[in-house]
Amino acid sequence: MMLLDKFYNKYIIKGVLLAESPIHIGSGDESYDPTQIDNAVIRDVNGNPYIPGSSLKGVLRSYLETLLQSGIDEKYKACLVVNQPCLGDKDIVDRIKNSAKKRNDIEDKEKFIAQQIYEELCTVCRIFGNHYFASKLVINDCLLKDERAYVEWRDGVGIDRDTGTAADRRKYTFEQLAAGTRFEFSMTVDNLEPEYEEVLKLIIKVLESGDLRVGGKTSVGLGAIRLTEVNAYKVEPSTLKKYVMDGLDDEMRWQYV
């Protein structure tokens, strides 16, 4: 069992995220200026479009939950974090806390609770985290790799929920990033148990497959992404000082295929 109380290992995955189709990740800002776009894409402080790491992580988690629940590998389990999350029954958490009261040392109590909670988590929650345990997997915001991005304007229509047809006077415009737009990709996983290396390999293969879609309008074909130019590394206690002082090198490369 590898919690997050000390360093055991760090997996670092870097690459280029390629938009296989146009992408629309809305900024959530509304403009009342009739000359402005209705739904603009999200931009960073420099005004460049980007893919939020949290959005990509959420899509990846949902995809992985579906894969593991299908029985692709019986060693690994997945809950439905929205409907039936691990430790969703508060009685389990109360039982764990009550058991910890028998221990005298405060630090020992906290570690005991953490260990017991970790034991109750499914494979996905152990890696991606849940309400009771921090995520081991982090995806940075995917910033624009090239100097500029080609942003397109596209028309859309609102749909009447009762008739299933275009709603009267519900035409709008939205921005989308053109297919071929490239983003920097960086993902880390801390303190991953050896038995879960196969899950990390599966995550990378899913990213490379082009099956993932991010953002809005995915039902009309937008949002397809694919990870390319992948470099994978594994930092262990024996190489930790070198990594901290000098960064990544070939000695730390990890074969995920």
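# Briefing on a predicted single-chain model

Leucine 87 is located in the loop that connects helix 1 to helix 2 (90-100). The structure containing this residue is a predicted model. Its chain has six helices and eight strands, and 41% of its 257 residues are buried. Four of the strands make up an open antiparallel sheet in the order 3-7-1-8.

**Overall architecture**

- Along the sequence, the helices and strands of the chain follow one another as β-β-α-α-α-α-β-β-β-β-β-α-β-α.
- Of the contacts in the chain with a separation of 6 or more, 69% link residues 24 or more positions apart.
- The chain exposes an area of about 14,800 Å². Carbon and sulfur atoms account for 46% of that area.

**The four-stranded sheet**

- The open sheet has the strand order 3-7-1-8, with antiparallel pairing.
- Strand 3 (137-139) and strand 8 (225-235) each have a single partner strand, so these two strands form the edges and one side of each has no neighbour in the sheet.
- From one strand to the next, the twist averages 20 degrees.
- Helix 1 (residues 53-69) packs on this sheet and touches strand 1, strand 3, strand 7 and strand 8. The direction of helix 1 makes an angle of about 130 degrees with that of strand 3.
- Helix 6 (residues 237-246) also packs on the sheet, where it touches strand 1 and strand 8. The directions of helix 6 and strand 8 differ by about 115 degrees.

**Strand 1 and its two partners**

- Strands of a sheet pair through backbone hydrogen bonds, in either a parallel or an antiparallel manner.
- Strand 1 (residues 10-19) runs antiparallel to strand 7 (residues 182-190), and nine bridges join the two.
- Valine 16 faces glutamate 184 of strand 7, while isoleucine 12 has threonine 188 as its bridge partner in strand 7.
- Strand 1 is also joined to strand 8 by nine bridges, again in an antiparallel arrangement.
- On the strand 8 side, isoleucine 12 stands opposite tyrosine 233. Isoleucine 12 thus has a named partner in strand 7 and another in strand 8.
- Strand 1 is mostly covered, with nine of its ten residues buried.

**Cysteines**

- The structure contains zero disulfides.
- The cysteine sulfur closest to that of cysteine 79 belongs to cysteine 125, and the distance of 3.6 Å is too far for a bond because a disulfide requires sulfur atoms within 2.5 Å.
- Cysteine 79 has a relative accessible area of 9%, and therefore counts as buried.
- Cysteine 122 likewise takes part in no disulfide, since its nearest cysteine sulfur, in cysteine 86, is 3.6 Å away and the limit is 2.5 Å.
- Cysteine 122 has a relative accessibility of 8%, so it is classed as buried.

**Individual residues of note**

- Most residues other than glycine have a negative phi.
- Leucine 87 is not a glycine, yet it has a positive phi of about 60 degrees. This leucine has a relative accessibility of 6%, so it is buried.
- Glutamate 229 belongs to strand 8. Its phi is also positive, near 50 degrees, in a residue other than glycine.
- Glutamate 147 occupies the loop between strand 4 (142-143) and strand 5. Its relative accessibility is 74%, so it counts as exposed.
- Glutamate 147 lies 99 residues from asparagine 48 in sequence, with 9.1 Å between their C-alpha atoms.

**Confidence of the prediction**

- The mean pLDDT of the chain is 86, and 87% of the residues score at least 70.
- Among the elements of the chain, strand 3 has the highest mean pLDDT, at 98. Strand 5 (residues 151-159) has the lowest, at 61.
- Over residues 31-38 the pLDDT stays under 50, and the model gives this stretch nine contacts beyond four places in sequence.
- Residues 163-167 also have a pLDDT below 50. In the model this stretch has ten contacts beyond near neighbours in sequence.

Terms used
Residues are numbered from 1 along each chain as its sequence is written. This is a predicted model: local features need pLDDT of at least 70, side-chain atom pairs count only at pLDDT 80 or more; totals for chains, interfaces and linings use all residues. Side-chain values use heavy atoms; hydrogens and water are left out. Buried means under 20% relative accessible area, exposed over 50%, partly exposed in between (1.4 Å probe, protein chains only). Contact means heavy atoms within 4.5 Å. Accessible areas come from the Shrake-Rupley method with a 1.4 Å probe; for residues, only the protein chains shown count as cover. Two strands pair if DSSP finds at least two bridges between them. Axes are lines fitted to C-alpha atoms, for helices over the stretch in contact, and angles run from 0 to 180 degrees between N-to-C directions. pLDDT is the predictor's confidence in each residue, from 0 to 100.
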